[in-house]
Amino acid sequence: MKKKTIVIGVIGNDVHAVGNKIMYRAFTDAGFNVINLGVTVTQEEFISAAIESNADAILVSSLYGQGELDCRGMREKCEEAGIPNILLYVGGNIVIGKQDFEKVEQRYHDMGFDRAFPPGTDPQVDIDCLHKDLKMDE
Ligand code: B12
């Protein structure tokens with residue numbers, strides 16, 4: 001089966017680099033073709049990389065608390081760029097402080113993200129979700 005391509009990176013002015021490196025390793029080991037944009041990535045950079053690589057999914061990380069501001073409008077930008085249905089995940093510490101995650105998840109769904117993950121999610125969880133959402137086991 002052709003390898004699935006995913007774009008990963010840390011959005012906005014966020015410099016938290018450790019989780020990004022762990023994710024790169026975990027997804028590569030799990031057989032994905034991973035385009036890693038590193039830290040301080042703009043929405044436009046995620047979308048351009050996804051178009052250039054014909055990616056199946058974009059996985060956005062946000063750790064520093066500004067995720068909701070940084071992610072706002074991203075689905076609309078994907079639509080404008082011609083990739084309206086690309087799978088969009090977000091994870092890390094995606095809001096300021098500790099909040100009821102169900103409400104946080106709902107807000108990200110409303111912004112057009114397919115899945116939002118709580119702090120400290122193990123990469124294996126994301127890998128299982130990608131398998132399901134990209135129908136890799138059918
Ligand atoms: C190290 C660290 C720093 C270092 C970063 C160094 C570097 N270059 O990486 C420095 C000192 C620079 C730093 C700065 C800041 N930090 Co800091 N930092 C941390 C700390 C202690 C560890 C982060 C880390 O490496 N974790 C280990 C990795 C492996 O875990 P991870 O990043 O969470 O990633 C894993 C999962 O979350 C998941 N994941 C991540 N992304 C995604 C995406 C998807 C789609 C999925 C499914 C999963 C997923 O998979 C990853 C691998 O397992 C955390 C606290 C903590 N214990 O987490 C605070 C923390 C993230 N920092 C915080 C803050 C506030 C800041 C600053 C704003 C502080 C300040 N006022 O200056 C700045 C922001 C700077 C910037 N512009 O980004 C807060 C964020 C709070 C919030 N979100 O509300 C935290 C949580 C500390 C706290 N409890 O307050 N920080």
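Trainee: Which residues does Val 104 touch, not counting residues up to four places away in sequence?

Mentor: In this predicted model, Val 104 touches Ile 94, Val 95 and Gln 99.

Trainee: Where is Val 104 found, and is it buried or exposed?

Mentor: Val 104 is found in helix H5, residues 101-110. Its relative accessible area is 1%, so Val 104 counts as buried, the cut-off being under 20%.

Trainee: Which other residues of H5 are buried?

Mentor: Phe 101 and Tyr 108 join Val 104 as the buried residues of H5. They cover an arc of only 60° around the axis, and therefore they lie on the same side of H5.

Trainee: What do they pack against, and which residues are exposed on the other side?

Mentor: The buried residues of H5 pack against helix H3 (67-71), strand S4 (87-92) and strand S5 (115-116). On the other side of H5, the exposed residues are Glu 102, Lys 103 and Asp 110.

Trainee: What caps the N-terminal end of H5?

Mentor: Asp 100 does, with a side-chain oxygen 3.1 Å from the backbone nitrogen of Glu 102. Just after H5, Gly 112 has a positive phi of about 100°.

Trainee: Changing topic, which side chain of opposite charge is nearest to Asp 126?

Mentor: That is Arg 115, 9.4 Å away; Asp 126 is buried yet has no salt bridge. Asp 126 is in helix H6 (residues 123-133), and its contacts include Phe 27 and Tyr 89.

Trainee: And which protein donor does the cobalt atom of the ligand have?

Mentor: The cobalt atom has a single donor from the protein, NE2 of His 16, 2.2 Å away. His 16 lies in the loop between strand S1 (5-10) and helix H1 (18-29).

Note on methods:
Residues are numbered from 1 along each chain as its sequence is written. This is a predicted model: local features need pLDDT of at least 70, side-chain atom pairs count only at pLDDT 80 or more; totals for chains, interfaces and linings use all residues. Side-chain values use heavy atoms; hydrogens and water are left out. Helices (H or I, at least four residues) and strands (E, at least two) are DSSP runs, numbered from the N terminus. Buried means under 20% relative accessible area, exposed over 50%, partly exposed in between (1.4 Å probe, protein chains only). Lys and Arg count as positive and Asp and Glu as negative; His and the chain ends are not counted. A salt bridge is a side-chain nitrogen of Lys or Arg within 4 Å of a carboxyl oxygen of Asp or Glu. Contact means heavy atoms within 4.5 Å. Donors are N, O and S atoms within 2.8 Å of the metal (3.2 Å for Na, K and Ca); water is not among the atoms, so sites may look incomplete. The arc is that of the directions from the helix axis to the C-beta atoms. A polar contact is a pair of N or O atoms within 3.5 Å; within protein, one must be able to donate a hydrogen and the other to accept it, and residues adjacent in sequence count only if both atoms are side-chain atoms.
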